[in-house]
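Here are a few exercises to help you find your way around a new structure. Keep the viewer open and try each task before reading its solution.

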Amino acid sequence: MPPESSIESHHFESLGTSCSVFAVGQSHELLIEAEFWVRRLGARLTRFSADSELSRLNRDTGDWVPISAELQAISRAAFRADEMSAGLVNVAVLPSMHAVGYTRPFTEGPGVATLEDLRPLPPLADVLELREGEARLQAGCGVDLGGIAKGWMADRLSATLGADVVVNLGGDLFARGSGPRGDGWPVGLGGSTLLLRDQGAATSSVRRRRWGEMHHLIDPRTGLPAKTGLEEVSVVAASGFEAEVVAKTALLLGPDLAPAYCAAHAMAWWLSDGHDD
Amino acid sequence: MRIFLLKTAATVLTMCTTVASAMFVTSHLKNPTAPLQPPVLTAGTVSSSAALGGTLTVGPSVQPSNAEPMTSTYAS
């Protein structure tokens, strides 16, 4: 077995979750810079701060709003997610999030649910328009970039940190390079360890961010929290962004269709219906 | 007479083309190891196992390991 290269690591809380960065042959200072990058971009993309760039877009509906290159890129990724999932991963989910009571950071507890407002989500292309440097949302609509942004950020950050790194932003991760032993980065998924090289992983679940009968994963076909028979899906795919999209789509498809979807779009997958058998 | 010859020639040409096409197709079967096949075609090489209250399926491009994971994907 080849000798293990020394790994620099850094852990921090951001994006409402735990984040980790691991790198071979990089300085700790670089990883701290990575934390600041995550914090800065996270502050611009959160829907929980009235001053954020995303909140401005959600507030000024009906008008063309200037957006940064990063928000533009993530919005384009959201359209790609919409296409990959045949509309099941739809970032225009904010009205439903508010209706189920997810109006503030989960650590502050749920808000008041107003379920009578729930309805199927409109197609993303009907509510969000993009042009160079600007975006426009239809009145009454809103976007929550959620896991899409985390997956995209993990991919983007790993590309700037070096050739041999792992960026894990709340479970959405990308492993670049061949890792400390040269055979891949050991990443936990579904209770097992998999060696990832230039691959992403993500988990979608209805077990976390849950209150009463409600949870945060909205099924765009109903506008309600998803109930498909699957409780948690973890996926390895070509990037953190793709893993996030595939995991969420599989969970929303349910136990009958998820295996075939994962077979077509993922490199490894773990499907859990919550039963031990 | 000229029309009859033309019809005969067209018929012979059609039959020859059909036979040649059939021979070509049967001698060029799909190569399952050809590149750029969609991943679903390799589903037969995946391994599945029960793990932690679910089913883990691993494709050929991912290698399982007994090592301790450095980090994990999880729901947040």
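**Exercise 1. Find how many residues each chain brings to the contact between chain A and chain B, and describe the side of chain A.**

Step 1. Chain A brings 41 residues to the contact and chain B brings 29; two residues are in contact if their C-beta atoms, placed from the backbone, lie within 7 Å. This is a predicted model, in which local features need pLDDT of at least 70 and side-chain atom pairs count only at pLDDT 80 or more, while totals for chains, interfaces and linings use all residues. Residues are numbered from 1 along each chain as its sequence is written, and chains are lettered from A and ligands numbered from 1 in the order in which they are written.

Step 2. Several elements of chain A each supply at least two residues to the side that touches chain B, among them β10 (199–205), β15 (232–237) and β16 (268–272). Helices (H or I, at least four residues) and strands (E, at least two) are DSSP runs, numbered from the N terminus.

Step 3. Sorted by class, that side of chain A has 20 nonpolar, 17 polar and four charged residues. Here Ala, Val, Leu, Ile, Met, Phe, Trp, Tyr, Cys and Pro count as nonpolar, Asp, Glu, Lys and Arg as charged, and the others, Gly among them, as polar.

**Exercise 2. Which strand of chain B pairs with β16(A), and in which sense?**

Step 1. Look at the elements of chain B: one helix and four strands, in the order α-β-β-β-β from the N terminus on.

Step 2. Strand β2 of chain B (residues 54–58) is the partner, joined to β16(A) by four bridges in the antiparallel sense. Two strands pair if DSSP finds at least two bridges between them.

Step 3. Within this pair, A:Trp270 stands opposite B:Leu56.

**Exercise 3. Follow β15(A) to its neighbours and decide whether the strand is buried or exposed.**

Step 1. β15(A) pairs with β10(A) over six antiparallel bridges, and A:Ala202 stands opposite A:Val235.

Step 2. Five bridges join β15(A) to β16(A), again antiparallel; in β16(A), A:Trp269 is the bridge partner of A:Val235.

Step 3. Six of the six residues of β15(A) are buried, so the strand is largely enclosed by the rest of the structure. A residue is buried if 20 or more other C-beta atoms lie within 10 Å of its own, exposed if 12 or fewer, and partly exposed in between.

Step 4. Both faces are covered, with A:Glu232, A:Ser234 and A:Val236 buried on one side and A:Val233, A:Val235 and A:Ala237 on the other.

**Exercise 4. Which helix gives the most residues to the largest nonpolar core?**

Step 1. The largest nonpolar core has 84 residues, and those with the most contacts inside it include A:Ile148, A:Val233 and A:Val235. Such a core is a set of buried Ala, Val, Leu, Ile, Met, Phe, Trp, Tyr and Cys residues joined through C-beta atoms within 7 Å.

Step 2. Helix α7 of chain A (residues 240–253) gives the most, with nine residues.

Step 3. 14 of the 14 residues of α7(A) are buried, so this helix is largely enclosed by the rest of the structure.

Step 4. A:Ile148 reaches α7(A) too: leaving aside neighbours within four places in sequence, its contacts include A:Phe241 and A:Glu244.
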